[in-house]
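Below are some comments on the empty spaces in this model, set out as numbered points for you to check against the coordinates.

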Amino acid sequence: MKSRVILIPCDSYEKAALDAAVREGFRLWGGIETLASADEPVLFKANLLKRSKPEQAVITHPALMESIAEYFREKGYEHLSYGDSPGTESLKKVAADTGMAKAMERQQVNCGDFDHGIRVDHPQGHLAKSFVLAKEVAKRPAVINVCKMKTHALERMTGAVKNMYGCISGFNKAAGHTIYSDADSFARMLIDLNQCIGPRFCIMDGIVAMEGNGPGSGTPVDMKVILMSDDFVALDSVCCHLMHVDPSLVPTNVHGEQMGYGTWHSENIRVVTPEGEITPEEAGEKYGKPDFDVYRGRQVRPFWRRLNQAMGILRRRPYIDEDRCIHCGICVDACPVEGKAVRFPEGGRGKAAPVYDYKKCIACFCCQEMCPRQAVQVHTPWLRKMMDKLGGR
């Protein structure tokens, strides 16, 4: 049976447009009753990476979250909560500063406990055998993943699968980057995490997406779509077609299918729109952006991968644009590496830009995610650029 991905055009965050799009999406799916019973606790897992304005496209837009919550309320769902584990601050603080708290309060949706964690065993995991899940997630509610369409320096794009990483509590997220320090192992861990939690459904906010230096410092771009599915890999694959990037280049897609979590192959995906069914390729042509700014470099061959591990000659690395840097130190605080791979020079906090020790850097790009001024950029070595142009794999 083919996986279904619902695609609803939506050109703004105005309430009337959102309400119509959300209701049409659930109508095409078959109703929210297929996802959870009205007496179950339901958790809306948003993307609340850091403090930002909704129009910057860093977070799931509060207006969309409110529209979804309002619809659940109308259908008789009473036990609703929301949450995420932000990069460096508490959920309540980020929710308040982004407008998410007020939007959820209007619908009487509780802020879940994501600041405290509970270790949950996952013995059937392929790579990760346990996780420290946020207390709200460990209660085992029906999780509705409300993610954001964005680029990602490590995994190329962040969508349905990657958004679930915010179910891990606090500093344990940073620790995960040091344990699973390359794109492939991190992707496999993410699939284990998704299988451990078992989220019911995903709604992707692609009305205004983020391209370029994502997931926290990129450029907002109008994509004017909402995507929905219970196959997170298929949803991310359709998102790739909208971005005009090969889905096979996204590690969470490839490992997700290999590990039995979903499908990224177009022949196994039905894209359902209000006008009828189309293929993922047709969705990309009709609703996508051919010049979407996303890294499209090919995977390197095993020989080059081993050489890169030894010498780092192909590794994409973060660097600091000193003209943008305000010396706040958020990148230093976000670095998960023991002893810090990015730190201020002696006496430099507040006076000079931090510097990298690339011998310690694991290229997890946590610094780049959390920078509030787009000062942390990603450098691609000339040899890798040349290999990308040649299309080598």
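1. How many nonpolar, polar and charged residues does the lining of the largest cavity have? In this predicted model, that lining has 11 nonpolar, 2 polar and 2 charged residues.

2. The count of cavities of 30 Å³ or more comes to 2, and the largest of them has a volume of about 100 Å³. Its lining is made up of 15 residues, and those closest to the centre of this cavity are Cys325, Cys328, Cys331, Cys371 and Ala375.

3. The second largest cavity has a volume of about 80 Å³ and is lined by 14 residues, with Cys335, Ala341, Cys361, Cys364 and Cys367 lying nearest its centre. The lining of the second largest cavity divides into 14 nonpolar residues, with no polar and no charged ones.

4. Turning from cavities to pockets, the second largest pocket has a volume of about 500 Å³. Of the 29 residues that line this pocket, Leu49, Ser85, Pro86, Gly87 and Lys173 are the closest to its centre.

5. Which elements give two or more residues to the lining of the second largest pocket? They are the strand β7 (142–152) together with the helices α6 (160–163), α7 (172–179), α13 (330–334) and α14 (366–370).

6. As for the character of that pocket, the residues of its lining divide into 10 nonpolar, 10 polar and 9 charged, whereas the lining of the second largest cavity has no polar and no charged residues.

Terms used: Residues are numbered from 1 along each chain as its sequence is written. This is a predicted model: local features need pLDDT of at least 70, side-chain atom pairs count only at pLDDT 80 or more; totals for chains, interfaces and linings use all residues. Side-chain values use heavy atoms; hydrogens and water are left out. On a 1 Å grid over the protein atoms alone, a cavity is a set of points where a 1.4 Å probe fits but cannot get out, and a pocket is an open set with protein on both sides within 12 Å along at least five of seven lines; lining residues have an atom within 4 Å of a point. Grid points are joined across faces, edges and corners, and a volume is the space filled by probe spheres set on the points. Helices (H or I, at least four residues) and strands (E, at least two) are DSSP runs, numbered from the N terminus. Ala, Val, Leu, Ile, Met, Phe, Trp, Tyr, Cys and Pro count as nonpolar, Asp, Glu, Lys and Arg as charged, and the others, Gly among them, as polar.
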